[in-house]
Amino acid sequence: MADPTVESPDAQETAAELDPAAQKNKQLLDLLYRLFGQDAFTDVEEPYGFLTVTTARERIHDIIAGLQQDQELQLNFLTTMCGMHWPERKDQELGMVYMLHSLVHNIRLRLKIFFPIGDPHVPTMTDLYSTANWMEREAFDFFGIIAVGHPNLIRILNVEDMDYHPMRKQYALEDGTREDKTDLFFGR
Amino acid sequence: MAVNDTLEGTRKIVEEAEEQRPNLHPLAPTVNDFNQELTTLNLGPTHPATHGIFQNILQMDGERIVSGVPTIGYIHRAFEKIAERRPFYQITPLTDRMNYCSSPINNMGWHMTVEKLLGVTVPKRAQYMRVILMELARITDHLICNGILGVDTGAFTGFLYLMDEREKVYEIYEEVSGARLTTNMGRVGGMERDFTPVAIQKLRAWLKSFPAVMREFEKMFNRNRIFMDRVVDVGGISAERALNYGFTGPNLRAAGVDYDVRVMNPYSSYQDFDFEIPVGTKGDTYDRFMVRNEEIWQSLRIIEQALENLPEGPYHADAPHFYLPPKQAVYKNMEALIYHFKIIMGEIDAPVGEVYHSVEGGNGELGFYLVSDGGRTPYRLHFRRPCFIYYQAYTEMVVGQTLSDAIVTLSSMNVIAGELDA
């Protein structure tokens, strides 16, 4: 006699099947595996129902292009993309996040790539999405991520003669030499 | 009589010049400059017709635009960087200053993002109150946009009438939150206070008086020959290009795509209300104007339904770790004092996680991508700002048009400098 308070794995699976969002994510993940192979993706997560996969930067352009052409789920709307900086992750310091949306089936996908800060090159998406133009310029401006093949990769929001990339974590928001304010109570 | 004194003569000169233009842009049918020299024109950064600080360096062939280079970032305030050092409740004022024509939507969108991260469920009454405020904000946003479009086509009267109505909405904001433009409205977990009877009274009075003004405005513009000649077929974009450029909101719907976050991913009980999503066909300036007008009517419908069915009950969630206790309790009650201290000093850590939440802002999908590493502040916060994303299509939309068409296209896109530059 099974303990009724402990859900069996089967029951959990049925719950996942009943949830439409989880079902859609499963469908999308199946499609990703089928199109690009299971080894292309690592760290498959669903934080707050948003399917998130990590892939390699060598594959990212193919994956986004393949999903744009795909007729089954039609993930052909680039919602946004942004850079990230995790200084303590060795050889994976910089990251780029792409969010795709299928306006027909209402499925979202978040794709992440990580790469070393010494080699901050990613393939450009401007050949697939016109909207990637300014987003990649923004990522270059703030994180120094270089989109290879971008038609006009210059700073967008900051002044042109700025010689650093301000959203990287080594640039503290406040003057680090001040001694009258400790970080004990006020912020990181 | 000189040859160009007659209509016939002018036409002849035009035809000859058209034949002689070798390497001009195909969409630039102009003959003003017989040497085919282009003029560089700096539109902006500060120009009364651009309604905000951004520059366009245009190459003009006579009155036609051949190419343009937009420069943005004049009021960049590094919100994403500042947010990495601030506790969640201190980020709300930053969101005010993005699309300052509809700051309550930004505020509520941010609160909902944090609530999603924390797993807080907001009571129904607070959700309905938020819907009322968000729809009021949408109306004021669209009023500004359409009123300014009228000004840019030479009709100042409509704008003045609409500003009068916006003032009344701002008085409602003032009654609800104490602020008018940058509202800092609501809190993580609900609203900071309930609607006062005066607020409800003002809202009801406005709901009664506004439709007449709006009808008058529509009567003045919608079928006005002069206005239509200025805006029909001006600054159009196809649905396909609009999607490729990441358009959302009224600008995308004017091109014929019925994407609305309120319907596709309902938040804050939008599924409870009955409303329609207007769409255009051509994506030109006239369609954008008409879509915004119709959205104002639909927003009014939503407000009326929400006010009619406003549930009783608490106006904030039971989330003592993040929702400030009432001030009276802080002086009398030990737990309230402790929570007050901990919230203000930011000693309460948020859970680790990453969350994306989007709301239908005045201009489209306003998204918040929040990465939390478990501290008191976000590790990374990215704003998906609809203006920033669709403004890059501006050059493509105005090439081949005249300068005056470029001005009306710009104002009908409702580019808000604060949201553009963040």
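**Exercise 1. The sheet of chain B**

Task: Identify the bridge partner of Leu58(B) in β3(B), and describe how the strands of this sheet are arranged.

Solution. In this predicted model, Leu58(B) has Gly68(B) of β3(B) as its bridge partner. The next step is to consider the strands that carry such bridges. Strand β2 (residues 55-61) of chain B runs antiparallel to β3(B), and seven bridges join the two. The sheet as a whole is open and consists of three strands in the order β1-β2-β3 (chain B), with antiparallel pairing. Its edge strands, which pair on one side only, are β1 (39-43) and β3 (64-71) of chain B. From one strand to the next, the twist averages 25 degrees.

**Exercise 2. Strand β2 of chain A**

Task: Determine which strands pair with β2(A) and in which sense, parallel or antiparallel.

Solution. Begin with strand β1 (residues 41-45) of chain A, which pairs with β2(A) over three bridges in the antiparallel sense. Here Glu45(A) stands opposite Thr52(A) in β2(A). β1(A) and β2(A) form a hairpin with five residues between them. In the turn, Tyr48(A) has a positive phi of about 55 degrees.

Turn next to strand β5 (residues 107-115) of chain A, which runs parallel to β2(A) and is joined to it by five bridges. In this pairing, Thr54(A) stands opposite Lys112(A) in β5(A). Finally, strand β2 (residues 51-55) of chain A is mostly covered, as four of its five residues are buried.

**Exercise 3. Two helices in contact**

Task: Classify the packing of α4(B) and α5(B) by the angle between their axes, and list the residues that meet.

Solution. Two packed helices are described by the angle and the distance between their axes. For helix α4 (residues 103-118) and helix α5 (residues 124-152) of chain B, the axes come within 7 Å and cross at roughly 140 degrees. Angles over 145 degrees would count as roughly antiparallel, and those from 65 to 115 as roughly perpendicular. α4(B) and α5(B) are therefore oblique to each other.

On the side of α4(B), the residues are Ser103(B), Pro104(B), Ile105(B) and Met108(B). They meet Arg130(B), Leu133(B), Met134(B), Ala137(B) and Arg138(B) in α5(B). By class, this contact has six nonpolar, one polar and two charged residues.

**Exercise 4. Positive phi values in two loops**

Task: State where Asp233(B) and Ser268(B) lie, and decide for each whether the residue is buried or partly exposed.

Solution. Asp233(B) lies in the loop between α8 (225-231) and α9 (239-244) of chain B. Its phi is near 65 degrees, a positive value in a residue other than glycine. A residue counts as buried at 20 or more other C-beta atoms within 10 Å, and as exposed at 12 or fewer. Asp233(B) has 14 and is therefore partly exposed.

Ser268(B) is placed in the loop between α11 (261-264) and α12 of chain B. The phi of Ser268(B), near 50 degrees, is likewise positive. With 22 other C-beta atoms within 10 Å, Ser268(B) is buried.

**Exercise 5. The contact between the chains**

Task: Describe the side of chain A that touches chain B.

Solution. Chain A gives 26 residues to the contact and chain B gives 31. On the side of chain A, β3 (77-85) and α4 (132-143) each supply at least two residues. The largest share, six residues, comes from β3(A). By class, this side has 17 nonpolar, eight polar and one charged residue.

Technical notes: Residues are numbered from 1 along each chain as its sequence is written. Chains are lettered from A and ligands numbered from 1 in the order in which they are written. This is a predicted model: local features need pLDDT of at least 70, side-chain atom pairs count only at pLDDT 80 or more; totals for chains, interfaces and linings use all residues. Axes are lines fitted to C-alpha atoms, for helices over the stretch in contact, and angles run from 0 to 180 degrees between N-to-C directions. Angles under 35 degrees count as roughly parallel, over 145 as roughly antiparallel, 65 to 115 as roughly perpendicular and the rest as oblique. Two residues are in contact if their C-beta atoms, placed from the backbone, lie within 7 Å. Ala, Val, Leu, Ile, Met, Phe, Trp, Tyr, Cys and Pro count as nonpolar, Asp, Glu, Lys and Arg as charged, and the others, Gly among them, as polar. Two strands pair if DSSP finds at least two bridges between them.
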